[in-house]
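Visitor: Got a minute to walk me through this one? I'd like the overall picture before we get into details.

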Amino acid sequence: MTLEATAPSANYGSSASNSSFYAAMRILPRDQREAMFQIYSFCRQVDDIADSDGPRDARLAALQEWRNDIDALYQGHPPPRLKDYVASVKTFGLKREDFLAIVDGMEMDVPQDIRAPDMATLDLYCDRVASAVGRLSVRVFGLPEEDGILLAYHLGRALQLTNILRDIDEDAGLGRLYLPREALLHAGITANDPNRVIAERALPKVCVPLTQRAKAHFEKSDEIMNRNRRRAVRAPRIMSKYYHSILDLLIARGFNAPRQPVRVSKVTRILILLRYAFI
């Protein structure tokens, strides 16, 4: 249930006010909205560390400082940058392990850039940078425990896979390749150099199955949201519809080079908000 659009590169956006996240969260009551923007701010800050061009050892040290600060927060000694989080952690029962999982996910890009991970590693990455954000978020939204965890699992992966498919060229420019190794080999692509892979004519054979996987996760998340209170799922439903629209645009465009960027139109964004925000 990621925020702007979770990593890779983790795409928390240059400004919350310009993101689908902002549009979805501004409809929430004040205490929920403040908690969600705290989660957003945390993700943005650790993502900025992971994506900076500083020395890798310095980035690893900075991420460890965040782990130490999270530990201090839950030990009752919040550092200055997390003092405002105390009320949200208590009110919504936010879990320490989910904050730490997000840091762990961001760190996966730091020792070396991710390139063609195996499917298990990719799924772990999705869980950490996307579904962990979802597990924090569903507590804020007030979903029942079991359905909340399931929604975080499916919607987080749907959004993250959509990001990966959308950002293939941008990530290659950063030296990263999130497409799974098994899918590349199945398509006859043996290289793992990002710029070589994105120029392969067989690339659609890698991407199309991932679109189907993302669609299946969207369908599961819809099933979960449909059986819960409409007001409790307003924000995740807006995010889901927005990113499902991106996925549909990617499928319609295809994955052969050259690939033009896709963007959800302003009219579509407004229609999504009008349909799901005011329930």
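Guide: Sure. For a compact globule of 279 residues you'd expect a radius of gyration near 19 Å, and the protein has 18 Å, so the two agree. Keep in mind that this is a predicted model.

Visitor: Okay, and what box do the C-alpha atoms fill?

Guide: Roughly 55 × 45 × 30 Å, taken along the principal axes.

Visitor: How many helices and how many strands?

Guide: There are 13 helices and zero strands. Reading from the N terminus, the order is α-α-α-α-α-α-α-α-α-α-α-α-α.

Visitor: How much of the protein is buried?

Guide: 54% of the 279 residues count as buried. As for contacts with a separation of 6 or more, 72% of them come from residues 24 or more positions apart.

Visitor: And the surface, what does that look like?

Guide: About 12700 Å² is exposed, with carbon and sulfur atoms supplying 50% of it. On the charge side, there are 39 positive and 35 negative side chains, and the centres of the two sets are 6 Å apart.

Visitor: Let's go to helix 7. How far does it reach?

Guide: Helix 7 covers residues 145-166, which is 22 residues, and reaches 31 Å from first C-alpha to last. That is close to the 32 Å expected at 1.5 Å a residue.

Visitor: Is helix 7 largely enclosed or largely open?

Guide: Largely enclosed by the rest of the structure, because 16 of its 22 residues are buried.

Visitor: Now helix 5. Which of its residues are buried?

Guide: Asp98, Phe99, Leu100, Ala101, Ile102, Val103, Gly105 and Met106. Helix 5 runs over residues 96-107 and reaches 17 Å, close to the expected 16 Å.

Visitor: What covers those buried residues?

Guide: The cover includes helix 2 (30-51), helix 3 (56-74), helix 4 (85-92) and helix 6 (119-141).

Visitor: Since helix 3 came up, what about its own buried residues?

Guide: In helix 3 the buried ones are Arg59, Leu63, Trp66, Arg67, Asp69, Ile70, Ala72 and Leu73. Their cover includes helix 2, helix 4 and helix 5.

Visitor: Why would buried positions three or four places apart point the same way?

Guide: An α-helix has 3.6 residues a turn, so residues at that spacing point the same way. In helix 3, Leu63, Trp66 and Ile70 are among the buried residues.

Visitor: Does the span of helix 3 agree or disagree with what it should be?

Guide: It agrees: 19 residues should span 27 Å, and the end C-alpha atoms of helix 3 are 28 Å apart. After helix 3 comes glycine 76, with a positive phi near 90°.

Visitor: Which residue other than glycine has a positive phi?

Guide: Alanine 116 is one, with phi near 50°. Alanine 116 sits in the loop between helix 5 and helix 6, and at 4% relative accessibility it counts as buried.

Visitor: Changing topic: where is there a cis peptide bond?

Guide: One joins alanine 257 and proline 258, with omega about -5°. Proline 258 is in the loop between helix 12 and helix 13 (266-276). For background, most peptide bonds are trans.

Visitor: Last one: is arginine 234 buried or exposed?

Guide: Buried, with a relative accessible area of 7%. Arginine 234 lies in helix 12 (residues 234-253). From arginine 234 to lysine 90 is 144 residues in sequence and 23 Å in space, C-alpha to C-alpha.

Methods:
Residues numbered from 1 in each chain as written. Predicted model: local features only at pLDDT ≥ 70, side-chain atom pairs only at ≥ 80, totals over all residues. Heavy atoms only, no water. Helix = DSSP H or I, 4+ residues; strand = E, 2+ residues; numbered from the N terminus. Expected span 1.5 Å × (residues − 1). Buried < 20%, exposed > 50% of the residue type's maximum accessible area, 1.4 Å probe, protein only. Rg over C-alpha atoms; globule rule 2.2 N^0.38 Å. Contact = heavy atoms within 4.5 Å. Areas by Shrake-Rupley, 256 points an atom, 1.4 Å probe, with all protein chains shown as cover. Lys, Arg positive; Asp, Glu negative; His and termini not counted. Charge placed at Lys NZ, Arg CZ, Asp CG, Glu CD.
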